[in-house]
Amino acid sequence: MSVETAPQAPAHPAGLDNRIVVDGATLTWRDLPELTLPGPAAALAHSARHALAAARHHAVHGTELLLSTASRVDAAMRAELRDAGFAVIKLGGDHTAGDTTSPASRAAETGRLWLLTSGSTGRPKRVGHTLESLTTVRGQQPARTWLCPYAPGTYAWWQVVTLSLTQPGQHLVVVEPDQLDDWPALAAEHGVDAASGTPTFWRRALHRDPAGLARVPLRQLTLGGEPVDQTILDRLREVFPAARISWIYASSEVGAAIVVHDGRAGFPVEWLDRAAPDRPTIGVHDGELVITSPYHGAGLDGPVRTGDRAQVSGDRVLITGRLDADEINVGGSKVSAGVVRDVLTAHPQVAWARVTGRRAPLLGHMVVAEVVPVGSATAPAEAGLDEATLVRWCADQLPEYAVPRRIRVLTEIPVKETLKSDV
């Protein structure tokens with residue numbers, strides 16, 4: 001159990017001389033634009049360079065800051081931020097140092113950082129952190145050049161950024177939104193040897209350009225942000241047999257809580273309810289993952305119900321999806337969308353799958369799915385995968401009521417700005 005303390009102005013960050021590749025330029029943290037930010041500020045970044053500059057500004061000055069992309073903050077959210085006392089700032093675009101659209105209307109809380117949740121449970125909400133609570137990688141680290149593909153201001157973005165800001169030798173290669181489809185070439189060009197991404201991010205790379213991905217000299221691969229199944233871990237292991245592959249459970253509310261390096265989906269069942277100083281305590285109550293973490297957001301001390309479904313399978317605990325979306329009631333029988341999804345993605349010709357419930361007469365709901373075949377991005381006519389084949393595959397492994405009744409075949413893996421699919 002941790003004790004909430006008032007945030008303090010951060011110490012001078014140790015990673016200011018680390019190399020950053022952003023927007024086609026190679027520079028250091030010191031070379032980023034100098035910003036003047038009022039506190040508290042809600043900074044809406046139109047460029048990755050200005051987002052990084054805002055992060056450095058906070059690390060140096062401790063200015064109370066909420067950082068996001070403009071596309072994630074609609075007019076209603078901007079009004080909420082102004083009502084909460086934030087000055088809403090536009091960074092980038094036609095303004096080098098930002099355009100103030102409203103003055104701050106309260107005293108700033110020095111050292112406070114605010115994150116917007118992904119909105120998977122509804123409208124995004126603010127969660128308070130500090131640079132200290134976001135910096136969960138401590139101790140001397142081997143020199144790495146990290147890929148940063150995440151949208152600015154998200155929890156995963158801050159995880160990579162704080163590592164580079166606070167640790168010497170942790171360099172950064174930033175992927176702009178228009179580079180997401182071709183990031184392996186960028187990574188190979190700049191010697192990226194560590195990369196963090198969602199399972200959807202990795203599936204898209206394997207799907208679109210497996211040969212290009214294999215040319216990236218990765219020694220560390222990290223997955224998080226979505227359910228991580230055995231198939232994606234195994235496929236990445238085939239491409240990178242010598243790399244360390246990790247999956248991390250983290251959220252804006254509880255911070256980084258589970259880290260697994262053994263190449264198996266889920267985490268060991270013996271980790272449940274294990275108490276240790278300065279480490280999260282993980283539990284499962286009524287099928288829901290519950291975490292007590294020293295890295296929690298402000299005001300969230302104690303057990304936090306995460307909203308994620310967790311189930312014990314043998315010696316592992318698997319996280320299959322969100323509680324409000326994972327369970328499908330088919331004529332009184334409960335179906336886990338995550339379990340059906342894992343069966344589909346285990347098919348050797350399936351690159352990605354999404355499983356949902358659809359209203360149906362008599363049954364209430366029926367299971368339906370969308371899939372993207374391996375190879376469909378470059379040769380859709382040769383993918384050779386149809387609905388009947390996949391229905392038979394599922395029928396061999398699932399109860400009759402859990403077999404998808406409709407399977408739609410797509411040619412591209414859909415992805416949101418958060419690098420997640422709607423799974």
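This section describes internal cavities and selected helices of a predicted model.

Two cavities of 30 Å³ or more were identified in the model. The largest cavity has a volume of about 100 Å³. Its lining comprises Leu 180, Asp 181, Trp 183, Pro 184, Phe 201, Arg 204, Ala 205, Arg 208, Asp 209, Val 415 and Leu 419. Helix 5 (183-189) and helix 6 (199-208) are the elements that give two or more residues to this lining, and the greatest contribution, four residues, is that of helix 6. In terms of residue class, seven nonpolar and four charged residues line the largest cavity, whereas no polar residues do so.

Helix 4, spanning residues 155-166, contains 12 residues. The distance from its first C-alpha to its last is 16 Å, close to the 16 Å expected at 1.5 Å a residue. Helix 4 is mostly covered, with 10 of its 12 residues buried. The buried positions of helix 4 include the aromatic residues Tyr 155, Trp 157 and Trp 158, together with Val 160, Val 161, Leu 163 and Leu 165. Gln 159, Thr 162 and Ser 164 are likewise buried in this helix.

Local features were also found at both ends of helix 2, which covers residues 75-83. At the start of helix 2, a side-chain oxygen of Asp 74 lies within 3.3 Å of the backbone nitrogen of Ala 76. Just after helix 2, Gly 85 adopts a positive phi of about 95 degrees.

How values were computed. Residues numbered from 1 in each chain as written. Predicted model: local features only at pLDDT ≥ 70, side-chain atom pairs only at ≥ 80, totals over all residues. Heavy atoms only, no water. Polar contact = N/O pair within 3.5 Å; in protein donor to acceptor, adjacent residues only side chain to side chain. 1 Å grid on protein atoms, 1.4 Å probe; cavity = no way out; pocket = protein on both sides within 12 Å on 5 of 7 lines; lining within 4 Å. Points joined across faces, edges and corners; volume = space filled by probe spheres on them. Nonpolar A, V, L, I, M, F, W, Y, C, P; charged D, E, K, R; others polar. Expected span 1.5 Å × (residues − 1). Buried < 20%, exposed > 50% of the residue type's maximum accessible area, 1.4 Å probe, protein only.
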